[in-house]
Amino acid sequence: QEETRELRCHNDDDDDDDAEEEGRRRSKRGPNPERYGTMGAATLLVADCVGTGVLALPNDAKVMGLGLFAGFMALNLFLNIYAGSLVNKAASREGRPRDLLELATRLGGSDRFQGAIRLAWYANLLLVLGNYVLVMAQGIDLLVGGAGSETTTTRQQKIIGCAPVSSLLAAGFCLLLVQGNRTMHALDKGPSQVSLVSVAVIVVLCLSRVSNEGKKRSDNAMSSSSFLNGGGTLRWLRPGAGASARALGASFGSVVFAVNSQKLLLNVRAEMIDVTRSDAALTLALCSYVFIYVVVVLAAGPDPPEFLLDVFQRQKDSSSSVAARFAGLFLFGHVAVSYAINQQAFAATVLARIYGPTKTTRTRWLAATATLTAISWAIANAVPFFDDLVSLIGALTSTPLSFAIPAALYQLAVRRHRHTKATGLVSRHHSYRLLLLFSIAVLVVGTAGAIASIVNHWKHVKRPFHC
């Protein structure tokens, strides 16, 4: 009997050890076995970031000149990777915070600092959702009317082609979409991969039309439409003719918007199997979509439209009409997924903060998403200019979220754990100042340029909430 009791005690100890080991493994990979790995996280980041911003980059390169554009893009790539590593290190001893504000709270950030993060993050997501609704409305317009048509021929096409109406249809569809996707995992593999394929198809269709334009403008299309040859290279190495300070500032903001990756980094990190792989996922995602951006800019040549999709408006033939409809279909599908990713993050964060992470009912989810959808529709119609809205988002909100706030969070983590051994957190005052100065410079210059451009377009192009 004594030997039996000892054997039972020994087995119990083994079970306790196994349970502790399993607990440590689950803590590392998270409690949800359905979480995704490095490739899944990178795919989700790429699906969110490689969106509408890529359609404005060829014109940004035209305005800035190839040399300045390439240098600024490379600088953004490096600083985003570095800032993302700071965020991941700051969160390394704080579990799985779902956003920058939650991380600041866990690190003991002041109320003023948390308020600044809340303002920048919420403003960014709201403006981005408005931008997505605006682009989806343009996708509906292309799908229904066909950009190659001289006029819309039916009353139904005229009604649907009216911006407030088409944006309302787009917003309503997205509201239905997010009701069945209340976690990011639901948008991981299938939808995000379909989204990436869609944007690839859109870009190929647009670039093919740009190439056709170049052939029509010149008998020697290769030398005139591609800056990889002779005279084209010289034109692209300097800013575009007549490029104003306002246009340059707005282009800076647009590039920051396209490369920004910190906004949803912690949301994605929180649902990874192994959070220690979040740096690798971010680096993979950034390098992937910056490479895509470079290819698109090179292929677009020296004279792209302000919004790459506008190339269909410049061509009036039957083939353009068919291509425009396909582009509108794929554009709508791609942006709908990006919208769902962003609104899911926004609604989940707001509801968790108000009611707690386990008390999100269907009614509350519907109320939150419906409110966000209405605000998105209002933004899309108040600033109905894609390039201006992208520049404003990038300069005003993406800049502090990408650079200044990550640096500040890292400094908070250093101070919080300065007496803890083997944290890997080392004070980096020079890097902090560099990110802060870069953030302030782009914020001021880019925001001023974007606002000036919006006001100018209101006066000479289109009024808010107008068809």
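Hi everyone, this is a short walk through the helices, the core and one arginine of the structure above. Please keep in mind that we are looking at a predicted model.

Let's begin with the overall make-up. The protein chain has 18 helices and zero strands. It runs to 467 residues, and 52% of them are buried. If you take the contacts with a separation of 6 or more, 86% of them come from residues 24 or more positions apart.

Now to the inside. The largest nonpolar core holds 123 residues, and the members that touch the most others are Met136, Tyr289, Tyr293, Leu309, Phe312 and Leu409. Which helix gives the most to this core? That is helix 6, residues 111–145, with 16 residues.

Next, two helix pairs. Two packed helices are described by the angle between their axes and the distance between the axes.

Take helix 4, residues 66–91, and helix 17, residues 386–416. Their axes are 8 Å apart, at an angle of about 30°. Angles under 35 degrees count as roughly parallel, so that is the word for helix 4 and helix 17. Their crossing is left-handed. On the helix 4 side, the residues that meet helix 17 include Asn76, Leu79, Ala83 and Lys89. Helix 17 answers with Phe403, Pro406 and Tyr410, among others, and Leu409, which you may remember from the core, is also one of its contact residues. By class, this contact has 11 nonpolar residues, three polar and one charged.

The second pair is helix 3, residues 57–64, with helix 12, residues 245–259. Here the axes lie 9 Å apart and the angle is about 140°. Roughly antiparallel would need an angle over 145 degrees, and helix 3 and helix 12 are therefore oblique to each other. This crossing, too, is left-handed. Helix 3 makes the contact through Leu57, Asp60, Val63 and Met64, while helix 12 brings residues including Leu248, Phe252 and Val255. The contact divides into eight nonpolar, two polar and one charged.

Let's stay on helix 12 for one last stop, since Arg246 lies there. Is Arg246 buried, partly exposed or exposed? Its relative accessibility is 35%, so Arg246 counts as partly exposed. Leaving out residues up to four places away in sequence, Arg246 touches Gly449, Ala452, Ser453 and Asn456. Ser453 is 207 residues from Arg246 along the chain, yet their C-alpha atoms are separated by 7.0 Å.

That's my tour, and thanks for listening!

Conventions. Residues numbered from 1 in each chain as written. Predicted model: local features only at pLDDT ≥ 70, side-chain atom pairs only at ≥ 80, totals over all residues. Heavy atoms only, no water. Axes fitted to C-alpha atoms, helices over the stretch in contact; angles between N-to-C directions. Helix = DSSP H or I, 4+ residues; strand = E, 2+ residues; numbered from the N terminus. Parallel < 35°, antiparallel > 145°, perpendicular 65-115°, else oblique. Left-handed = near helix turned anticlockwise from the far one by under 90°. Contact = heavy atoms within 4.5 Å. Nonpolar A, V, L, I, M, F, W, Y, C, P; charged D, E, K, R; others polar. Core = buried A, V, L, I, M, F, W, Y, C linked by side-chain atoms within 4.5 Å. Buried < 20%, exposed > 50% of the residue type's maximum accessible area, 1.4 Å probe, protein only.
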